[in-house]
Amino acid sequence: MFIGLDLGTSGVRAVLVRPDGSVLESAEAGLQASHPYPGYSEQAPADWVGAARSALVSLAQRHPLAMERVEGVGLSGQMHGAVLLDETGAVIRPAILWNDSRSFVEAAALDAAEAVRNLSGNIVFPGFTAPKLAWLARHEPQSFARVAKVLLPKDYLAYWLTGEIGTEMSDAAGTAWLDVGARTWSDRLLEAGGMRRDQMPDLREGTGIVGPVRRDLAANLGLPGGVQVVAGGADNAAAACGVGALAEGDGFVSLGTSGVLLAARNGFYPDPASAVHTFCHAVPGRWYQMGVILAATDSLNWLARITGAEPATLTAELGALGAPGPVRFLPYLSGERTPHNDAAIRGAFLGLDIAQTRTDLTRAVVEGVSFALRDSLDALRATGAELPRLLAVGGGTRSRYWVELLATVLGLPLDLPEQGDFGAALGAARLAICGVTGADPEQVMTRPAIAETIDPRADLLDAYAQAHADFAATYPKLKVLP
């Protein structure tokens, strides 16, 4: 048996997986983030440990015999977070998370520094790790002076499990300290960020072995002695492993709180100016790129809150897919990443009429999110990525209307998986299988069985192409408004 352990922002998920990759059981434990000031987002690493322990013990209570046969634990988790350890290995302060925007000044300075974009392959966003440490040096110098090691969130769980300090390529790629093409720490990037190489964790590939679970801890968690911890991957890289998106032409679109359109790449093809993320994959010799929008189902959840209706109720009222609606929605409720890299832009409804209804607003919201994802697809294609079809995952795919709309806006067939979506946790378990057994990732990380393929509506392609063009032309006009 194998375990995938995924550390998210809102909770930890553990899946218990058979050698063939099928899931026997899953368990979850919740987490809360702290927001002490506007733009701040922090968590205590001790809370991660508590949630991970709870999820693993839950698996052991339900399947004690299966847990006794576990050979490997793979990890995945939220990217970019800064976990700071002193010389004794103690945590210095709460971890600064991916969605913390306090370091926007430091991010802009790093992004403008010579060679930073070329080596990192990305714009330096405020959420990345390097600007967080630059902020700490300026605003909390006493804490900064104590930093002996910086870890990413999931790698702190590896440290708890094994006592070993390290990371892997896909998470390291989101720090702005890694030469993403060469897959090694960059002295130039470290210098630009005011850091030293000895403060960095050891690097390995996602299938690399970190070490065995500490014997006393294994017994407490219901695990046998000698269970190996495998480095794993950043959340989206691990999710790609979970759905078999490893090679050129593979990809998925996720309608979650945020929206992601991911393309696996066989080489390193960055285009930082497009705000496309270019990161190392969790498997050796591969990379991936993704466009990210910050409010996908979050936009629908926002509309649900202000109308007092459940999101499922709103989408059920839409009926059958027809021509684009008369109202335009710009889904920039929290700013936007791809392709605009604009933290200050905010959303808008355009074309409102006194005769319009709640359904018109819902239609505009799901169209606006879909158009924003089309922006990401166009940005990915500009780097040379070819995506003949996509797997569709995330909570928004429960709406048939939305999936058919998105297929039509993207102009691509969307495949809906047959089984439940275990996402990054399943990918982490697959990385554990490969790391412990030496199995070929191509053989382990296969695509899920497909329940249904939703094709674009040929009769509506032109209408939605024009509606997207109108949507794309609106951003420059919105940006100049006070």
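Two strands are taken to pair if DSSP finds at least two bridges between them. The model described here is predicted. On this basis, strand β1 (residues 2–7) pairs with strand β2 (residues 11–17) in the antiparallel sense, over six bridges. Within this pairing, Asp6 of β1 stands opposite Arg13 in β2.

Both strands belong to an open sheet of six strands. The order is β3-β2-β1-β5-β14-β13, and the pairing is mixed. The edges are formed by β3 (23–30) and β13 (209–212). Each edge strand has a single partner, so one side of each is left without a neighbour in the sheet. From one strand to the next, the twist averages 20°.

Two helices pack against these strands. Helix α1 (residues 45–62) lies across β1, β2 and β3. The direction of α1 is at about 145° to β3. Helix α16 (residues 423–437) packs on the sheet as well. Its contacts are with β1, β2, β3, β5, β13 and β14 (228–234). The direction of α16 makes about 135° with that of β1.

The loop between β5 (72–77) and β6 (83–85) holds Met79. His80 lies in the loop between β5 and β6 too. An unreviewed UniProt entry carries the annotation "binding site" for Met79 and His80. Met79 has 5% relative accessibility and so counts as buried; the cut-off is under 20%. His80 is likewise buried, with a relative accessible area of 5%.

The contacts of these two residues were listed without neighbours up to four places away in sequence. For Met79 they are Trp98, Ser170, Asp171, Gly174, Ala234, Asp235, Phe279 and Tyr288. For His80 they are Ile96, Trp98, Gly127, Phe128, Thr129, Lys132, Leu152, Asp171, Gly174 and Phe279. Trp98, Asp171, Gly174 and Phe279 appear in both sets.

A second open sheet has seven strands, in the order β17-β18-β16-β15-β21-β22-β23. Here too the pairing is mixed. At the edges stand β17 (277–280) and β23 (450–454). Each has a single partner strand, so one side of each lacks a neighbour in the sheet. Neighbouring strands are turned by 25° against each other on average, direction ignored.

Within this sheet, strand β15 (residues 251–255) lies between β16 and β21 in the strand order. Strand β15 pairs with β16 (residues 259–265) in the antiparallel sense over five bridges. The two form a hairpin, with three residues between them. Gly251 of β15 stands opposite Ala263 in β16. The pairing of β15 with β21 (residues 390–393) is parallel and runs over three bridges. Val253 faces Ala392 in β21 across this pairing, and the bridge partner of Ser254 is Val393.

Five of the five residues of β15 are buried, so the strand is largely enclosed by the rest of the structure. The cover extends to both faces. Gly251, Val253 and Leu255 are buried on one side. Phe252 and Ser254 are buried on the other.

Strand β15 is also among the elements that cover the buried residues of helix α12. In α12 (residues 297–307), these are Thr297, Ser299, Leu300, Leu303 and Ala304. Seen down the helix axis, they fall within an arc of 155°, so they line one face of α12. An α-helix has 3.6 residues a turn, so residues three or four places apart point the same way. Arg305 and Ile306 are exposed on the other side of α12. Besides β15, the cover over the buried residues includes α13 (311–316), β19 (328–330), α14 (358–382) and α15 (400–410). Gly308 follows α12 and has a positive phi, near 75°.

Two of these covering helices, α14 and α15, also pack against each other. Their axes are 9 Å apart, at an angle of about 40°. The crossing is right-handed. From α14, the contact takes in Arg363, Val366, Glu367, Val369, Ser370, Phe371, Leu373, Arg374, Leu377 and Arg381. From α15, the residues met are Tyr401, Trp402, Leu405, Leu406, Val409 and Leu410.

How values were computed. Residues are numbered from 1 along each chain as its sequence is written. This is a predicted model: local features need pLDDT of at least 70, side-chain atom pairs count only at pLDDT 80 or more; totals for chains, interfaces and linings use all residues. Side-chain values use heavy atoms; hydrogens and water are left out. Buried means under 20% relative accessible area, exposed over 50%, partly exposed in between (1.4 Å probe, protein chains only). Helices (H or I, at least four residues) and strands (E, at least two) are DSSP runs, numbered from the N terminus. UniProt positions are given in the numbering used here, feature names are shortened, and annotations may be inferred rather than shown by experiment. Contact means heavy atoms within 4.5 Å. Axes are lines fitted to C-alpha atoms, for helices over the stretch in contact, and angles run from 0 to 180 degrees between N-to-C directions. The arc is that of the directions from the helix axis to the C-beta atoms. A crossing is left-handed if the near helix is turned anticlockwise from the far one by less than a right angle, and right-handed if clockwise.
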